[in-house]
Amino acid sequence: MRRIRTVLLPPALAIVFAALLCAVALLISGDSPLTALRVMITQVGEGTTAVDIVNSGAVYYIAALAVAIGFQMKLFNIGIEGQYRLAACVAAIVGGALVLPPVVHTLVIIVVAAVVGAAWAGIAALLKAYRGVSEVISTIMLNFIATGLIAFLIKPDSFGVLQGNNISTAPIEPSGQFPGISFGSGGTLFGMVGVAALLGLGYWFLLNRTRFGFELKASGESPTAATAGGVDARRMVIIALVLSGAVAGLVGLPELLGRDFAYTLTSPQGYGFTGIAVALLGRNHPLGIALGALLWAFLDKSALALDNVGVPREIVLIMQGSVVLSVVIAYEIVRRYELAAEQRRVAAQLRDTAAAEKAAEKVAS
Amino acid sequence: MRIRRGFVLAAAVLTSALVVVGCARDTGNTQPSAGGGTNAGACAKNAAPQVPAGGAANSAAPLPNADASGLKVGLAFDIGGRGDASFNDAAGAGLDRAISQLGLMKQNTKELTAAPNESEDAAATRLRQLVSEGYSPIITVGFKYATALKTVAAESPNTKFAIVDDNSVELPNVTPLVFAEEQGSFLVGAAAALKTQTCKIGFVGGVEQPLIQKFQAGYVQGAKAVAPDIQVDVDYLTPAGDFTGFSDPAKGQVVATGQLDGGADVIYHAAGASGQGVFQAVKAAGKSAIGVDSDQYNIPGLADVKDVIITSMLKRVDVAVFDYINASAAGNLTTLPKVFDLKVDGVGYATSGGKVDDIAAQLDAYKAAIISGAITVNSTPSSS
């Protein structure tokens, strides 16, 4: 009972708090919070929104898992952004160039993406392990380099194809696409949603049921203690970052293999940073991250519906920002509250035993 | 040991050579007339082409205004929306003109705006919202809508769509509204070459992508047509895919300052909101600048730098949007030009401020030559 309270109460409080904050912001800007709420809820049933939420949620989920792997070892991989974009770009180029039978083609693209993501994160990992360069700095810099590299790769003189005023990679043939589940006019659910769920399961198993997961968390908690326990901290840094990068490499694939089939100038950006927020929301727990990803996707799609009825969509940004902040604060408050309650309980227990002992002494004497 | 000394010697020689070259370039740029020659001598300028008889008066007659009171017009803006002082605003101006001149009801129009870095499904949802509320025609602003439009337009064959800056969607209910940016840029390139004192001009592009390279290609070709020896400094603020180059005035200012320090005295920007930084740098140096998309001399937000704006390359998104609504109201889209070019005044140059009045005759001669086909303007920069 108490466990459920400590797990569920903070996010619930945070969402209520964020909603209140948004209501105030809406009132100040002269809009009705009730209209906004109604629109946000009814949009889910309209058009392809429900499916879009799950699809975007899957993308955010993978990104947040990649972040969380680093967080488990107290590594802050801000480079998910660059890793996934470069991986998606290279995977699109390879996927568009190859002619392979179905399934194999898809698998090759997925492997290429994971390898590129891992390699790009690997640069930061090696710098961290052998030169002590903070991964925060190196991954941010690598994000910029990735942007330049992508611009070079999709130039029409390199691997790009001019399409009107846009540049795109060669489209991936149907054999390389990841089939989805069609809901007719309700949209098409990406097949990669299943892959995201499997990744979550793998993440949970790795951390809680394997020796590697234990060593990873141990090195994060205390590198010195872990080293004393026989864990090679340097090796753990490299493995954690490379693994994080490999997962990051998959972030762009649900959209690439399920809808866009090519990497273009206008391919979406920013999922890496969304992943950080979602990982914070989900407290690095695979289920928490899943809920956080869906909440984030729901809010993102709400922006469109709100814009459509003339409510400023910036309200969604306020909501997203305040949810993350209040989740962090709410967990801290609940943790302190629980700590105080625990202290009171123990103190009461001690008092009781002391009183009982006194009574026993009296009886004895 | 001897080998090493050889290296040191070579390095020293090379370094001093570089220094000497650098100095020579510097003096050449900062003191253009130091050699005693006149400006005309330093920068030979060709005469304008002969205007073929009647060539200049080639503009198409405007269509009669149709009655658009029965239309419900949806407008899906690109990132920035109204207030970007660039092509979104131009599209909005076209809609406003349709409201005031074609009887289009304000309450029958709806404007939605894209968010930065959004996914394709967001663009598609935006278009579906407009479709489900019965808007037709729906005008999408920016090539980023192309993919979403392909999906949504195929789903809703009874709704009419138009897309600005893209002609890759080939569906019967989609009308492309594209421009010959290179032709307008040719004219302002010619203007820059006619105005320069240093025989060196600059181009600041927002994002190095094909659309902006069209501006660059025309500008360079126009400048070289006037002054074959002219030097054109070309810089982009961000690489392809990083769209912050259109909204970073600080970067624009730094890059423009660099070009001015290198001796350029006329700078053309195709960098959206970053252009404000370019204007500021040019104003600080007391040189000349060329605006883009709208007549930037007359934009209220740029009033404090307008005295350096000698002209602007006009990309008449407003005309295209207005003409499209007009043609939709008349029920005949075949009257729309395939490309909004110089011939139909879809692109051009601005004369506000009167700073190019002295060269207007030459510019109009080039304009006539392009319209008549005597000059063909490239839409991709030459690799040299």
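How many bridges join strand E3 (residues 138-141) of chain B to strand E4 (residues 161-164) of chain B, and do these strands run parallel or antiparallel? Select the two strands to begin the tour of this predicted model: four bridges join E3 to E4 in chain B, and the strands run parallel. Within this pair, pick out Thr140(B), which stands opposite Ile163(B) in E4(B).

**The sheet around E3 and E4**

Widen the selection to the whole sheet, an open one of six strands in chain B, whose order is E2-E1-E3-E4-E5-E11 and whose pairing is parallel. At its edges stand E2 and strand E11 (339-340) of chain B, and because each has a single partner strand, one side of each is left without a neighbour in the sheet.

Now move to the loop between H4 and E3 of chain B, where Pro137(B) has its place. The peptide bond that joins Ser136(B) and Pro137(B) is cis, with omega at about 5 degrees. Another backbone feature is found in the loop between E2 and H4 of chain B, where Asn117(B) lies; the phi of Asn117(B) is near 55 degrees, which is a positive value in a residue other than glycine.

**The second sheet**

Next, select the strands of another open sheet of chain B, which has six strands in the order E7-E6-E8-E9-E10-E12 and mixed pairing. Strand E7 (231-239) and strand E12 (347-349) of chain B are its edge strands, each pairing on one side only, and from one strand to the next the twist averages 15 degrees.

Inside this sheet, display strand E9 (residues 288-293) and strand E10 (residues 309-315) of chain B, which run parallel and are joined by five bridges. Gly291(B) can serve as a marker here, since its bridge partner in E10(B) is Ser312(B). Then add helix H8 (residues 249-261) of chain B, which lies across strand E6 (200-208), E7 and strand E8 (266-270) of chain B and runs at about 160 degrees to E7(B).

**The two domains of chain B**

Colour chain B by its division into domain 1 (73-179) and domain 2 (181-316 + 342-372). The C-alpha centres of domain 1 and domain 2 of chain B lie 28 Å apart, and the contact takes nine residues from domain 1 of chain B and 11 residues from domain 2 of chain B. On the side of domain 1 of chain B that touches domain 2 of chain B, the largest share, three residues, comes from helix H3 (residues 87-101) of chain B. By class, that side of domain 1 of chain B has five nonpolar residues, one polar residue and three charged residues.

For the annotation, select residues 76-378 of chain B, where an unreviewed UniProt entry places the feature "domain: ABC transporter substrate-binding protein PnrA-like". Over this span the chain is 40% helix and 20% strand, and its end C-alpha atoms are 30 Å apart.

**Where chain B meets chain A**

Bring chain A into view and look at the interface, in which 28 residues of chain B are in contact with 29 residues of chain A. Strand E2 (109-113), helix H4 (120-132) and helix H7 (210-226) of chain B are the elements that give two or more residues to the side of chain B that touches chain A. H4(B) supplies the largest share of that side, seven residues. The same side of chain B comprises nine nonpolar, nine polar and 10 charged residues. For the complex, the predictor gives an ipTM of 0.85 and a pTM of 0.85.

**Spans in chain A**

In chain A, an unreviewed UniProt entry lists "transmembrane region" for several spans, including residues 53-71 and 237-257. Residues 53-71 of chain A are 100% helix and 0% strand, with end C-alpha atoms that lie 25 Å apart, whereas residues 237-257 of chain A are 86% helix and 0% strand, with end C-alpha atoms 31 Å apart.

**Where to read with care**

Finally, colour chain B by pLDDT, for which the chain average is 85, with 85% of the residues scoring at least 70. Over residues 11-41 of chain B pLDDT stays under 50, and the model has 14 contacts beyond four places in sequence for this stretch. Residues 55-59 of chain B also stay under 50, with 10 contacts beyond four places in sequence. Where pLDDT is low, the predicted coordinates should not be read in detail.

Technical notes:
Residues numbered from 1 in each chain as written. Chains lettered and ligands numbered in written order. Predicted model: local features only at pLDDT ≥ 70, side-chain atom pairs only at ≥ 80, totals over all residues. UniProt positions renumbered as here; feature names shortened; annotations may be inferred. Contact = placed C-beta atoms within 7 Å. Nonpolar A, V, L, I, M, F, W, Y, C, P; charged D, E, K, R; others polar. pLDDT = per-residue confidence, 0-100. Domains from an automatic or database assignment. Pairing = 2+ DSSP bridges. Axes fitted to C-alpha atoms, helices over the stretch in contact; angles between N-to-C directions.
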